[in-house]
Amino acid sequence: MSTPNSQPVVIYRKRRNAELALCLLAAAFGIGGYLITHLNRDAALPSNWIAVSAIWLAICIAAHLVVRLKLPYADPVILPCVLALNGLGLAMIHRLDMSFDPSPNAATMQLIWTAIGVALFAVTLFYLRDYRVLQGFSYILFIVGMILLLLPLLPFLSSPNNAANGSQIWIQIAGYSFQPAEIAKIVLTLAFASYLTENRDLLQLAGRRVFGFQMPRMRDLIPVGVMWAAAVVVLIFQNDLGTSLLFFGLFVMMLFVATSQVRWVIIGVSAFAVAAYVIGQLAPHVATRVSSWLDPFSNYEANYQIITAQFGMAWGGLFGRGWGQGRPGLTPVASSDFISAAIGEELGLVGLVAVILIYLLMVARGLRAALTSTVIFGKLLASGFSFIFALQIFAIIGGVTRLLPLTGLTTPFMSQGGSSLVANWLIVAILLLISHQARRPQVATVPATVANLADDETSLINLNEGTA
C-alpha cells in the first residue's frame with residue numbers, strides 16, 4: 001500500500017481467527033494427552049474429565065481473547081505454540097503423578113501456576129502499552145538483575161530445595177520457595193538491550209586493528225568481564241552450570257546481534273571455555289558433571305537419574321510406549337529437569353522431535369518479531385528473549401540426551417515449577433507486544449521536500465554587495 005508523497009507501507013493481516021483455531025488445536029493436545037493416559041491405564045475416563053478439560057480450554061481461550069483485544073496485530077503463532085507446550089507439560093506431569101501412591105498432585109499445583117502466569121500475562125498486556133518505557137534504565141536494571149541472580153548465596157534466605165537439588169538456586173520467603181534467576185533473566189535481558197542500544201556504535205567501530213583483527217578497547221571489555229565474573233561466581237558457588245551458561249551466552253549473543261561482529265563471540269566463548277576448564281580442574285562438582293556426561297556408568301548410583309532416563313528413551317524407541325504405558329516415574333525428578341525424557345519414553349523419538357519443532361517454531365517467530373521491529377531496542381529485546389528459549393531448550397534437552405553435560409535448566413512451559421512458568425509467560429507477553437507494535441500499520445511519513453537544482457547554473461555570490 002502507498003499514499004501520495006509517501007513510502008510504501010506494508011499492512012500485515014491481523015489473523016486473529018487463525019490464532020483462535022490454532023489455540024483450540026493446542027488445547028486439544030493437552031486434553032488429549034490427559035484423556036488417553038486414563039484410557040490406557042484405567043480403560044475409562046476420570047469422573048472429573050469434563051471439568052478439567054473445561055478449565056484448560058477456558059484458560060486457552062482467555063489468553064487468546066486478551067491478545068485479540070489488546071494486541072490485534074501480534075504474531076498469531078507464538079501463543080498457540082506456548083499453549084501446546086504448556087498443555088503437554090501439564091498432561092505429562094499428571095501422568096507422572098499417577099506413578100506414585102499417594103499421588104503428589106503436582107499437576108494441580110502446576111495448573112494453578114499456569115492460571116497465575118496467564119493472569120500476569122493479561123495484566124502486562126493491559127498496563128504495558130509501550131515496551132519502550134523499559135529502555136534507558138540499563139545500569140539500574142543490571143544491578144537489580146545481579147542482586148536477584150546472587151540472592152540464593154545469602155544464607156538466611158536459603159531454601160531446603162537447594163539441598164534436595166544440589167544447586168544453590170532457590171530462596172525461601174514466608175515459607176514459599178522460588179528461583180530468583182527466573183526473574184533475573186527478564187531484568188538482565190532488558191538491561192542488556194538498553195545498554196547495547198545506547199553503545200552499539202562504540203562497540204562496533206572503536207578499537208585498533210592488530211594482524212587484521214579489530215581489537216576492542218579495554219573499557220569496552222568491562223561489561224563482558226563483569227558478566228564473565230558473574231557467570232564464574234554462579235558456576236562455583238551456586239553449582240549451577242545451566243544458569244551460568246544461560247546468562248553469559250545470552251549476553252554474548254545479544255552483543256553479536258547488536259554489533260554484527262564475530263570477534264565478540266570469539267572473545268566470549270574463549271573466556272567461558274577457559275573458565276570452565278580451570279574450574280573443572282579445581283571444583284569437584286563440575287568435574288562430576290563432565291564425568292556423568294562422558295561415562296555415566298562409571299558411577300551408577302551417582303548418575304542413576306541420567307542412566308534411567310537413557311533406558312527409558314531407549315525403551316520408548318521411535319514411536320514410544322504410549323501415554324501412560326511407560327515407566328517414566330523410575331527417573332528421579334522426572335517432572336522437572338527430565339520431563340523431555342518422559343516425553344521420549346511415552347511418545348517416542350517422533351513425539352520428542354515434534355515437541356522440539358514446536359519450540360523451534362516459537363523461537364523462529366520470536367526472531368521474526370525482532371526482524372520486523374523498526375526499533376533497535378525492540379530488535380535486541382525480542383532476539384534476547386528468543387535466545388533465552390533457544391539456549392534453555394538446547395541446554396536441557398541436549399543434557400538429557402547426553403549431547404551436552406547436564407545443566408539443570410528447566411524445559412520452558414513444560415517442566416514443573418511456578419517461578420519458571422510465570423517468568424516465561426511474562427516473556428511471551430513482551431514478545432507479543434513487540435510483535436504487535438512492529439506489525440501494526442505505521443503512520444506514513446511524508447518525506448521532506450528537496451529542491452531540484454540539477455538545471456540551475458553555478459553562480460558566484462558577492463557577500464559584500466550592498467554593504468557599506
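A contact here means heavy atoms within 4.5 Å. The model is predicted.

**Exercise 1. Describe the surroundings of lysine 185 in the protein chain.**

Step 1. Locate the residue. Lysine 185 sits in helix α7, residues 180-205.

Step 2. Classify its exposure. Buried means under 20% relative accessible area. Lysine 185 has 2% relative accessibility, so it counts as buried.

Step 3. List the contacts. Leaving out residues up to four places away in sequence, lysine 185 touches Phe247, Ile388, Gln392, Ala423, Asn424 and Ile427.

Step 4. Pick out the polar partners of the side chain. Glutamate 182 makes a side-chain polar contact of 2.7 Å with lysine 185. Asparagine 424 makes another with lysine 185, at 3.1 Å.

**Exercise 2. Explain why cysteine 23 and cysteine 60 form no bond.**

Step 1. Take the cut-off. A disulfide needs two cysteine sulfur atoms within 2.5 Å.

Step 2. Compare the distance. From the sulfur of cysteine 23, the closest cysteine sulfur is that of cysteine 60, 6.9 Å away, so the gap is too far for a bond. Starting from cysteine 60, the closest cysteine sulfur is in cysteine 23, again at 6.9 Å.

Step 3. Check exposure. Cysteine 23 is buried at 2% relative accessible area, and cysteine 60 is buried at 1%.

Step 4. Widen the view. The structure holds zero disulfides.

**Exercise 3. Test the length of helix α9 against its expected span.**

Step 1. Count residues. Helix α9 covers residues 241-259, which is 19 residues.

Step 2. Compute the span. The rule is 1.5 Å times one less than the number of residues. For α9 this gives 27 Å.

Step 3. Compare. The end C-alpha atoms of α9 are 27 Å apart, so the two values agree.

Step 4. Add the setting. Helix α9 is mostly covered, with 15 of its 19 residues buried. Serine 260 follows α9 and has a positive phi, near 60°.

**Exercise 4. Classify the ring pair of tyrosine 139 and tyrosine 195.**

Step 1. Start from the total. The structure holds eight aromatic pairs.

Step 2. Read the geometry. For tyrosine 139 and tyrosine 195, the centres are 6.4 Å apart and the planes are at 80°. Plane angles over 60 degrees count as edge-to-face. The pair of tyrosine 139 and tyrosine 195 is therefore edge-to-face.

Step 3. Place the rings. Tyrosine 139 lies in helix α5 (residues 138-150) and tyrosine 195 in helix α7, so the pair ties together parts 56 residues apart in sequence.

Step 4. Contrast the exposure. Tyrosine 139 is exposed, at 56% relative accessibility. Tyrosine 195 is buried, at 14% relative accessible area.

Step 5. Look at a cluster. Ring pairs link Phe121, Phe389, Phe413 and Trp425.

**Exercise 5. Find backbone features in the loop between α3 and α4.**

Step 1. Recall the usual case. Most residues other than glycine have a negative phi, and most peptide bonds are trans.

Step 2. Check the peptide bond. From aspartate 101 to proline 102 it is cis, with omega near 5°. Proline 102 lies in the loop between α3 (78-97) and α4 (106-127).

Step 3. Check phi. Asparagine 105, in the loop between α3 and α4, has a positive phi near 55°. Asparagine 105 is partly exposed, at 45% relative accessible area.

Step 4. Look outside the loop. Arginine 15 has a positive phi near 60°. Arginine 15 lies in the segment before α1 (16-42) and is partly exposed, at 42% relative accessibility.

Methods
Residues numbered from 1 in each chain as written. Predicted model: local features only at pLDDT ≥ 70, side-chain atom pairs only at ≥ 80, totals over all residues. Heavy atoms only, no water. Helix = DSSP H or I, 4+ residues; strand = E, 2+ residues; numbered from the N terminus. Buried < 20%, exposed > 50% of the residue type's maximum accessible area, 1.4 Å probe, protein only. Polar contact = N/O pair within 3.5 Å; in protein donor to acceptor, adjacent residues only side chain to side chain. Phe/Tyr/Trp six-rings, centres within 6.5 Å; stacked < 30°, edge-to-face > 60°.
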